[in-house]
Amino acid sequence: MKKVYQVEKDNYEDAGKVSTDIKRTLKSIGIDRIVLKAVAIACYEAEMNIVIHSDGGTVTFEIDDEGLIQLLFDDIGPGIEDLELAQKPGYSTASAKARSLGFGAGMGLYNMKSVASFFEMTSSKEGTHIRMTFQ
């Protein structure tokens with residue numbers, strides 16, 4: 001199964017809908033609750049990063065016949081200058097608007113890495129790409 005979703009920059013009204021749909025899909029096919037929770041956390045964090053920090057992007061969700069779940073997040077610029085620093089708990093470049101809405105605590109990338117079975121991230125001025133798998 002494969003689904004691709006569009007995520008818009010600054011669209012806080014629809015933020016979280018992708019992760020909710022993916023969670024609902026996984027729950028309907030009986031995915032283990034621990035794996036389900038890890039996917040929900042990681043997907044929400046990455047989806048919010050697209051909304052807050054990029055010019056929009058896509059989320060690709062795939063699950064194979066063996067139950068391996070893969071999430072791909074591809075956004076459009078501006079990229080992350082220092083990948084190592086960005087993954088430290090508490091580091092944030094969130095805007096004042098995002099912070100006023102309760103986002104931008106600087107835990108997103110750290111949380112994703114903590115719950116995924118595999119985590120890979122690349123970034124340039126063209127955009128950031130994250131791949132996570134869950135088993």
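Good morning. I begin with a convention: Ala, Val, Leu, Ile, Met, Phe, Trp, Tyr, Cys and Pro count as nonpolar, Asp, Glu, Lys and Arg as charged, and the others, Gly among them, as polar. The structure before you is a predicted model.

Let me turn to the largest pocket. Its volume is about 780 Å³. Of the 38 residues that line this pocket, Asn-49, His-53, Ile-80, Thr-93 and Leu-109 are the closest to its centre. By the convention just given, the lining divides into 18 nonpolar, 14 polar and 6 charged residues.

Which elements each supply at least two residues of this lining? They are the helices α2 (33–53) and α5 (108–115), together with the strands β3 (69–75), β4 (118–124) and β5 (127–134). The largest share, 8 residues, comes from α2.

That helix merits a closer look. Across its 21 residues, α2 reaches 30 Å from its first C-alpha to its last, which is close to the 30 Å expected at 1.5 Å a residue. At the start of α2, Asp-32 places a side-chain oxygen within 3.0 Å of the backbone nitrogen of Ile-34.

I close with a residue in a loop. Asn-11 is found between β1 (2–7) and α1 (17–28). Is Asn-11 buried or exposed? Its relative accessible area is 15%, and because buried means under 20%, Asn-11 counts as buried. A polar atom of the Asn-11 side chain lies 3.1 Å from the backbone nitrogen of Asp-14.

Thank you for your attention.

Technical notes. Residues numbered from 1 in each chain as written. Predicted model: local features only at pLDDT ≥ 70, side-chain atom pairs only at ≥ 80, totals over all residues. Heavy atoms only, no water. 1 Å grid on protein atoms, 1.4 Å probe; cavity = no way out; pocket = protein on both sides within 12 Å on 5 of 7 lines; lining within 4 Å. Points joined across faces, edges and corners; volume = space filled by probe spheres on them. Helix = DSSP H or I, 4+ residues; strand = E, 2+ residues; numbered from the N terminus. Expected span 1.5 Å × (residues − 1). Polar contact = N/O pair within 3.5 Å; in protein donor to acceptor, adjacent residues only side chain to side chain. Buried < 20%, exposed > 50% of the residue type's maximum accessible area, 1.4 Å probe, protein only.
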